[in-house]
Amino acid sequence: MLTKLLIANRGEIAVRIIRTARQLGYRTVAVHSAADANALHVELADEAVAIGPAPASASYLSVEAVLEAARKTGADAIHPGYGFLSENAHFAVACKKAGLVFIGPPEAAIELMGSKRRSKIAMLQAGVPCVPGFEGDNASDEELRAAAGDIGYPLMIKASAGGGGRGMRLVHDQKHLQGEILRARSEARNAFGDDELILEKAMIEPRHIEIQVFADQHGNAVYLGERDCSIQRRHQKVVEEAPSPFMTPELRQAMGEAAVKAALACRYEGAGTVEFLVDQDRNFYFLEMNTRLQVEHPVTELVTGQDLVAWQLAVAEGEPLPLSQDDIQLTGHAIEVRLYAEDPTNGFTPQTGTLHRFVPAISDGIRIDTGVRSGDTITPYYDPMLAKVIAYGQNRNEARRRLLRALEDTVIFGVTTNRYFLSRIIADQTFGAGAATTAFLDQAFAADTSLAPAEATMTEIALAGAILSAGGNSAAHWSNSTSSAVPLSFDIDGTTCSVSVNRRGHRVEILRGEDSRSLEIQCLTETQMDFVANDVRQVCQYQRRGNQLYLQALGRSLCITDLSHQPPAASNKTSSGRLLASMDGGIVDVLVTAGDEVRRGDTLVILEAMKMEHPVKADRDGQVGTVLAARGDQVRRHQLLVELVGLEAKA
Ligand code: MV4
């Protein structure tokens, strides 16, 4: 019986594996690079071992460092997750040599499926339909040219050692063949150290549908339905769903049985995914087999009700598969999107920075697998995936609706993400009709309007103006008295705005040139504003950090920089050290006691008035002398609440 599992991975998949392992009673060991010392997966594991510096090559990809961590902690099994060492046959062998159970298939299966040429030959022998092509052993340019004549055009040149779209070139006609062969060869040599090439008939606008298979150590193998992964960007899957909207029960059975044949043909054990291309006439062709648990496995878990990591551990323990083929039922629909720290408006470049606030929108039918939390630094060392947002529904539209809402409601402040791009895909009509093929993003998706939101609307500008004009200490500004117009200028996602803000009690009017908007502020806390605009009550989330305002409203996330150079509250006024109630109200909370050291800007007391919370902040550094307020007190305007001592208060 295995008792201690080392997870040789990071981020959301490490967190996810630890979650199941703990539920099943395993002790867990995390490994981490120097950059991940405070990462969530490290905190959740029972033990954690630093295995090297930030670069993956010196940490998560270091076989020696991972095995040393297993030895040090007495782990008896290693789960590789996906990526990193998960499909490295040498690593699987090294684990076994070290007396460790590798949670994955036998190295022979990893080895075979790592070669497009050899795996295709094995599949053809097993009776699995493959894309028509040529798989000569280390074929020369001449042999490839001769074979191309038989295949016809367009055709695909693929690196045998490639995968996931790497080392693949589409050739439209004979004229370009030789040049593309030379380029494919050198690309393969550089990327994989192996320049063997195969040829395939190119399928036009196929769907990418993959079958989840599982096999145990007793010769059993089953399929657990399919996942449609046709929406890809440069061979990166963007949206995955189960079941496929293109599937029929007959096709599912035929593809499932072919996938099981593939698994049995290579004496597979554990979780595997057989990828197929499916044409418009529902003919399907073997593409490749992934010998790991895939990123997108949660959609299968949701429609089958099975925990695939639990299955992996059961199979590794030598147990038979938990279910027979007849026991496996598909219910409902699940759709997953990958939330990335990348900027769709700038070539999807990876983004780094501090995730000031990250609040996943967990709700009915929503699962969010993440390895990050508020305050984390997003570094440039690893895949910039922040989370997978997976929605489940009784049908596809319910899943779609829930996913859209979850995307809009997830609070993300501090790092640019592809959230808006994702929500445009899920809202798109072609996607909604289940008609997206692998050509969708390139052809059917209006990139210009979908990569980034349009310019900030006047309502968003008004929200920003209302919050910024509340100033650092909103209490000092939200007075009942009529105040003069407050001029503000700020940058809102690249647009510079100059506005004037008129406040009268709850009501705020924001003027920008000829444009104006009125809002009624219903409730204002440090993180949320409830407001009424055009008689419609709404809510926005926000966070102020210095002159930055992060604002999330109406499903959009905005970053505003206050350019007003307003003198910070109380910076140039004499600081009395006597903190008064700015209006009649009730004391919600007192956060300090006599003797506490405080800094200027620290919130000492929360006052509630006009259904708004108003933090009463220290107007200078000092020590709390007397606290004259207590939670629940009703206080009058200008009543003394707290008196600071220490630094010489100016007269
Ligand atoms: C193909 C293909 C069409 N014809 N092979 C291989 C790796 C996988 N990620 C994509 N692969 C494809 N192989 C033949 N013979 C179409 C794909 C394909 C694809 C190709 C280009 C752009 C996006 C794509 C998305 C899914 C599948």
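Which polar backbone atom is 2.8 Å from a nitrogen atom of the ligand? In this predicted model, the atom belongs to lysine 201, whose backbone places a polar atom 2.8 Å from a ligand nitrogen.

**The ligand and its shell**

Two further residues approach nitrogen atoms of the ligand, lysine 158 through a polar side-chain atom at 2.9 Å and methionine 203 through a backbone N or O atom at 2.9 Å. The protein covers 89% of the 520 Å² of accessible area that the ligand has on its own. The distances are set out below.

| Residue | Protein atom | Ligand atom | Distance |
|---|---|---|---|
| Lysine 158 | polar side-chain atom | nitrogen | 2.9 Å |
| Lysine 201 | polar backbone atom | nitrogen | 2.8 Å |
| Methionine 203 | backbone N or O atom | nitrogen | 2.9 Å |

The ligand is surrounded by 16 residues, of which Lys158, Glu200, Lys201, Met203 and Thr438 come nearest. By residue class, the shell consists of 7 nonpolar, 6 polar and 3 charged residues. At least two shell residues come from each of strand E7 (155-163) and strand E9 (197-201), while domain 2 (133-201) and domain 3 (207-451) each contribute at least three.

**Domain layout**

The protein chain is divided into domain 1 (4-103), domain 2 (133-201), domain 3 (207-451), domain 4 (458-562) and domain 5 (578-645). Taken over C-alpha atoms, the centres of domain 2 and domain 5 are separated by 73 Å.

**Helix H3 and histidine 79**

Helix H3, which spans residues 63-73, has Val63, Ala65, Val66, Leu67, Ala69, Ala70 and Thr73 as buried residues. The buried residues of H3 pack against a set of strands, namely E1 (4-7), E2 (27-33), E3 (47-52) and E4, and also against helix H4 (89-97). Just after H3, glycine 74 adopts a positive phi of about 75 degrees.

Strand E4 (residues 77-79), one of the elements against which the buried residues of H3 pack, contains histidine 79. Is histidine 79 buried or exposed? Histidine 79 counts as buried because its relative accessible area is 1%, which falls under the 20% cut-off for a buried residue. When its neighbours within four places in sequence are left aside, histidine 79 is in contact with Leu5, Leu6, Ile7, Ala8, Ile17, Ile103 and Gln312. With glutamine 312, the contact includes a polar one between the two side chains, at 2.7 Å.

Note on methods. Residues numbered from 1 in each chain as written. Predicted model: local features only at pLDDT ≥ 70, side-chain atom pairs only at ≥ 80, totals over all residues. Heavy atoms only, no water. Near = heavy atom within 4 Å. Polar contact = N/O pair within 3.5 Å; in protein donor to acceptor, adjacent residues only side chain to side chain. Areas by Shrake-Rupley, 256 points an atom, 1.4 Å probe, with all protein chains shown as cover. Helix = DSSP H or I, 4+ residues; strand = E, 2+ residues; numbered from the N terminus. Nonpolar A, V, L, I, M, F, W, Y, C, P; charged D, E, K, R; others polar. Domains from an automatic or database assignment. Buried < 20%, exposed > 50% of the residue type's maximum accessible area, 1.4 Å probe, protein only. Contact = heavy atoms within 4.5 Å.
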